[in-house]
Amino acid sequence: MRNSVKNTIKDAIKKSLDKTIENNNISIDIIEINICKDKKFGDFSSNIAMKLASKFNYKPKEFAKEIIKNIEKNESILKIEIAGPGFINFFTSDISKYSVIENIFKEKESFGKNNVGKDLKILVEFVSANPTGPLHVGHGRGAAFGDCISNLLIENGYEVSREYYVNDAGKQIDILTISVLQRYHELINDSDKFSYDDLYKGEYIWDIAAEVHRNFKTKFQIKDLKDKKNDSIDEYISYAKNILTISKFEEIKKIAVDFILNDIKKTLNLAGIAYNSWFLESSLLKNNSLKEIIENLEKKNLTYTKDNAMWFKSSSFGDEKDRVLLKENKDHTYLSTDIAYHRDKIKRGFHKVINIWGADHHGYVSRINSAFNIFAKGKSELVILLVQFANLYRGNEKVSMSTRSGEFVTLEQLIKEVGSDATRFFYLTRKSDQHMDFDIELAKSNNSNNPVYYVQYAHARICSIFRQLKEKKMNYEYEKEILHLLDKEEELKIIKKLSIYPEIIINSSKKYDPHLLTNYMVELAQEIHSYYNKFQILVDDKNLRNARLSLIKSAKYIFNNSSKIIGIEMPEKM
RNA sequence: GCGCCUAUAGCUCAAUAGGAUAGAGCGUCAGCCUCCGGAGCUGAAGAUAUAGGUUCAACUCCUAUUAGGCGCUCCA
């Protein structure tokens, strides 16, 4: 179905190789067919002769000659040449080139889809920011990336589930709770002693405290506060729990987490991201998953006790040192619930588990990998993708971000300022493991600096032409018999671009590189603008007009299909 | 100090899983509106951090050097 000409060539080469060399054991998969950048090298080329020449005691060029000699005649292959060090170049017939337009009109919204991932279940976990504050711009890139990767995998036929892991059980959440208590006591004028330097101080803490105060008045007030400012944070937390009672502490904790999670969901919704599931860390404690996992590791003899803490022998699996599972005070570490969480992912039967993390977590990769493989036993594969930070700029001025100070730019602010489309597209134009600068002014600008406007404009232009068509009382119908009228260099270039779209979908998903797709969209837009500028589309000649309209309509299908994967709108008017 | 990642045009980024002459945009310079949307188009100048190595072929792989980011908690 996809790229039939390419597969024809591939098969032809395979047959030829079998004829040239007996019992060769050559797999068809190592035959690469590339689309030529320069048309003087033909339409497709293969490097197979150079790749295999030495293996079969040939010189590349002679080997190429032999291969060509044994290729069977085929109506879509016009000419075969040897060039350079041993490339085999194929010149294909025009008719085969136009078949991509036929395919697009046949498949429409499904053009580009494939079933590479048929019957395979994938879990994509992304963002998973701690519910200790609103999402900030640093989370934006991971959000756009994770959502797009999910869409790409779906386009490739995988069954995808999006998940957000909520760390609602650790020490940071206790600190959040105390932060709320602090502001709460300030609201009821009883603030002096209930304070600690390392607490969350963002505006939203006031909002939560105000909500608690509004709904519960002085229910959580602690009388006779002692000055504990010089205690450690752990001592401070247990002091607060004791004096307030654990049940009341948990009550406030839940209010705070729910409040923040709501805010996070609201922001993700603005970004057009919907999760299939929200996995609570606390559930691993409630249903004994954590206990089970630790017993299981003990049974496997992968733990030991040192300094009253329980350690995991992660260094036996490539980690640089062993890690603590249970602290001296018997609290669990982030790692231990994370292991339990990943075991749960495996239990749910996913063939592949993708984690999208901020690049600052790279030190964590090997220990979670080792734990994962202990339980997956080869039945499930873990892929950890690291997303580099984006520096935020406003023109030439760098926007500083600091979570604790509360001065960070939230993702919500960013989306409200530049729009969801520009935010997503911008984040996805760069390779994810590459540092990037995100210029707010650039993302807001309405000109070709801004790739998303450039692409949307190309689409709007196509729509505009069809509106014009109606105004001029002209008709359009798709006829495949007249596509050969598209013989201008620019037209053939666009057709070539259209024909590689299915491969872009495969590659960007395989390599987890959505930027291949955004770049493709920009390139296609560029060719459309250029073509539009040079040629009149609504010409008097009915056949030529229909052929040209079919060409740009094909491009419109691709803009629509790709924009859905990126998660942006394709407006008909701008 | 140890580890991971990165280094491409003046700036921001590409380069189809090692392929042919390293591509875009911004900026600079020179052009294009009796014409389907000038929110656009055409052209020029300009680059693989350094030194070795592997290969028919290296921006891509390996080694060293230099420069930057991140991580080296019984933190999450």
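**Residue classes of the protein surface near RNA strand B.** In this predicted model, the surface near RNA strand B is made up of 22 nonpolar, 26 polar and 19 charged residues. Of the 67 residues around the strand, those that come nearest are Lys40, Asn130, Tyr454, Tyr457 and Tyr532. On the RNA side, sugar or phosphate accounts for 62% of the atoms of strand B within 4 Å of the protein, and bases supply the rest.

**Polar contacts to base, phosphate and sugar of RNA strand B.** A base oxygen of RNA strand B lies 2.5 Å from a backbone N or O atom of Glu328. At His435, a polar backbone atom is 3.3 Å from a phosphate oxygen of the strand. Asn519 uses its side chain: one of its N or O atoms there is 3.1 Å from a sugar or linking oxygen of RNA strand B. Two or more residues of the surface near the strand come from each of strands E4 (87-92), E9 (309-312) and E15 (436-439), and also from each of helices H17 (451-471), H19 (501-510) and H20 (515-534).

**Packing of helix H19 against helix H20.** The two helix axes come within 8 Å and cross at roughly 155°. An angle over 145 degrees counts as roughly antiparallel, and H19 and H20 are therefore roughly antiparallel to each other. From H19, the residues in contact are Tyr501, Ile504, Ile505, Asn507 and Ser508; from H20, they are Leu516, Leu517 and Tyr520. This contact has 6 nonpolar and 2 polar residues, with no charged residues.

**Crossing of helices H6 and H9.** Helix H6 spans residues 171-187 and helix H9 residues 246-270; their axes come within 9 Å and cross at roughly 95°. Because angles of 65 to 115 degrees count as roughly perpendicular, H6 is roughly perpendicular to H9. The H6 side of the contact consists of Ile173, Asp174, Leu176, Thr177, Ile178, Val180 and Leu181, which meet Phe249, Ile252, Lys253, Ala256, Val257 and Ile260 of H9. By class, the contact of H6 with H9 contains 10 nonpolar residues, 1 polar residue and 2 charged residues.

**Domain division of chain A.** Chain A is divided into domain 1 (4-92), domain 2 (171-262) and domain 3 (448-566). A distance of 71 Å separates the C-alpha centres of domain 1 and domain 2.

Technical notes: Residues numbered from 1 in each chain as written. Chains lettered and ligands numbered in written order. Predicted model: local features only at pLDDT ≥ 70, side-chain atom pairs only at ≥ 80, totals over all residues. Heavy atoms only, no water. Near = heavy atom within 4 Å. Polar contact = N/O pair within 3.5 Å; in protein donor to acceptor, adjacent residues only side chain to side chain. Helix = DSSP H or I, 4+ residues; strand = E, 2+ residues; numbered from the N terminus. Nonpolar A, V, L, I, M, F, W, Y, C, P; charged D, E, K, R; others polar. Domains from an automatic or database assignment. Axes fitted to C-alpha atoms, helices over the stretch in contact; angles between N-to-C directions. Parallel < 35°, antiparallel > 145°, perpendicular 65-115°, else oblique. Contact = heavy atoms within 4.5 Å.
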